[in-house]
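User: Here is a structure I would like to understand. Could we go through it step by step?
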Amino acid sequence: MSDGRDRLYAEPLSDVEAFVFDEKVAAVFPDMIRRSVPGYGSVIALTGIIAARYYQPGSRIYDLGCSQGASTLSIARQLKQPATIRAVDNSQAMLDLCSSHDYPSSVDVAFTCADMRDVIVEKASVVVLNYTLQFIPLVERDAMIGRIADGMLPGGVLLLSEKLAMPDDLLTGLHHAFKQANGYSELEVSQKRTALENILVPETAQTHSDRLHKAGFGRVEQWFQCLNFGSFLAIRT
Ligand code: GEK
């Protein structure tokens, strides 16, 4: 039985297959994301705090690419009023583990297994995209953000966190060091990089900011960066 420790790339693989969010990944996901994404804990905690500030009573909250519900749980715990959160992921293996959390009874959480590109966002005051847009093909990202903007209420907030493309290898090199300090070997880092090639495609902070402005978010603020991972809040105007 798995002890929850991510060892998926610890042994040499003759053929490194493209990364998928299957049962094997789901079983180690909390350990994987904590040891791989610098600042993850802070982003999740602040997601709840920011969402609670922008939530409008009677509106909808969406957590797109919710994985095992970390952002949803953070929001649910910060909301001081009844609300419904639609948490969406296209990996059933990931969603199956969402139910292990103890959600406050005042918040109704609807977990849905679906591709977030097919989700119709409506009457939303809070939309969360924590580390998920990076998995959507580049050519589809403008349309995805546009659809979200169209379904949001004025004054609503979109919370976007992403791995960022960097102009040189200063911060990406430090990210490598961060992973090694967290117990990943050279082999693990390199095999994981191969698995994610063309699957996780980062863009610059400027590209994200420009796209959000163009979609109708009048105020865009990068509120966090830890090495080559950044978080934005965008206010629908
Ligand atoms: C967290 N937000 O803990 N539709 C729906 N889900 C998708 C799609 C898609 N097209 N593509 C990928 N996913 C979470 C972390 S993880 C980040 C998000 C990471 C899902 C995928 O199944 C996975 O659960 C999630 O997006 C990305 O804050 O693993 O780096």
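Analyst: Start with a definition: accessible areas come from the Shrake-Rupley method with a 1.4 Å probe, and for residues only the protein chains shown count as cover. This is a predicted model, so local features need pLDDT of at least 70 and side-chain atom pairs count only at pLDDT 80 or more, while totals for chains, interfaces and linings use all residues. Residues are numbered from 1 along each chain as its sequence is written, and side-chain values use heavy atoms, with hydrogens and water left out.

User: What share of the exposed area do carbon and sulfur atoms supply?
Analyst: The protein exposes about 11,300 Å². Of that area, carbon and sulfur atoms supply 53%.

User: How many helices and strands are there?
Analyst: Helices (H or I, at least four residues) and strands (E, at least two) are DSSP runs, numbered from the N terminus. The protein has eight helices and seven strands.

User: What is the radius of gyration, and why is the protein called as compact as a globular protein of its length?
Analyst: The radius of gyration is taken over C-alpha atoms, and the globule rule is 2.2 Å times the number of residues to the power 0.38. For 237 residues the rule gives 18 Å. The protein comes close to that value, so it is as compact as a globular protein of that length, with a radius of gyration of 17 Å.

User: What does the C-alpha trace span along its principal axes?
Analyst: Three spans are given, one for each principal axis. They are about 50 × 40 × 30 Å.

User: What percentage of the residues is buried?
Analyst: Buried means under 20% relative accessible area, exposed over 50%, and partly exposed in between (1.4 Å probe, protein chains only). Of the 237 residues, the buried ones make up 48%.

User: What share of the contacts with a separation of 6 or more joins residues 24 or more positions apart?
Analyst: Contact means heavy atoms within 4.5 Å. Take the contacts with a separation of 6 or more. Residues 24 or more positions apart account for 76% of them.

User: How is the pair of Phe21 and Phe135 arranged, and why?
Analyst: Rings of Phe, Tyr and Trp (its six-membered ring) pair if their centres lie within 6.5 Å; planes under 30 degrees apart count as stacked, over 60 as edge-to-face and the rest as tilted. The whole structure holds five aromatic pairs. In this one the ring centres are 5.2 Å apart and the planes stand at 90°, so the pair of Phe21 and Phe135 is edge-to-face.

User: Where do Phe21 and Phe135 sit, and how many residues apart are they?
Analyst: Phe21 is in the segment before α1 (23–36). Phe135 is in the loop between β4 (124–130) and α5 (138–150). The pair links distant parts of the chain, with a separation of 114 residues.

User: Is Phe21 buried, partly exposed or exposed?
Analyst: The relative accessibility of Phe21 is 28%. Phe21 therefore counts as partly exposed.

User: Which contacts does His175 make outside its neighbours within four places in sequence?
Analyst: His175 is in helix α6 (residues 170–181). His175 has a relative accessible area of 6%, so it is buried. Setting aside neighbours within four places, its contacts are Ser36, Pro38, Lys163, Leu227, Asn228 and Phe229.

User: Which residues form an aromatic cluster with Phe229?
Analyst: One aromatic cluster includes Phe229. Its other members are Tyr40 and Tyr131.

User: Which elements do the buried residues of α5 pack against?
Analyst: The buried residues of α5 are Arg141, Met144, Ile145, Gly146, Ile148 and Ala149. They pack against β1 (60–64), β4, β5 (152–163), α8 (205–215), β6 (217–226) and β7 (229–236).

User: What is the phi of Asn198, and where is Asn198 found?
Analyst: Most residues other than glycine have a negative phi. Asn198 has a positive value, near 65°. Asn198 is exposed, with a relative accessible area of 70%. Its place is the loop between α7 (186–196) and α8.

User: How far apart in space are Leu171 and Glu23?
Analyst: Leu171 lies in helix α6 and is partly exposed at 22% relative accessibility. Glu23 is in helix α1 and counts as exposed at 61%. The two are 148 residues apart in sequence, and C-alpha to C-alpha they are separated by 31 Å.
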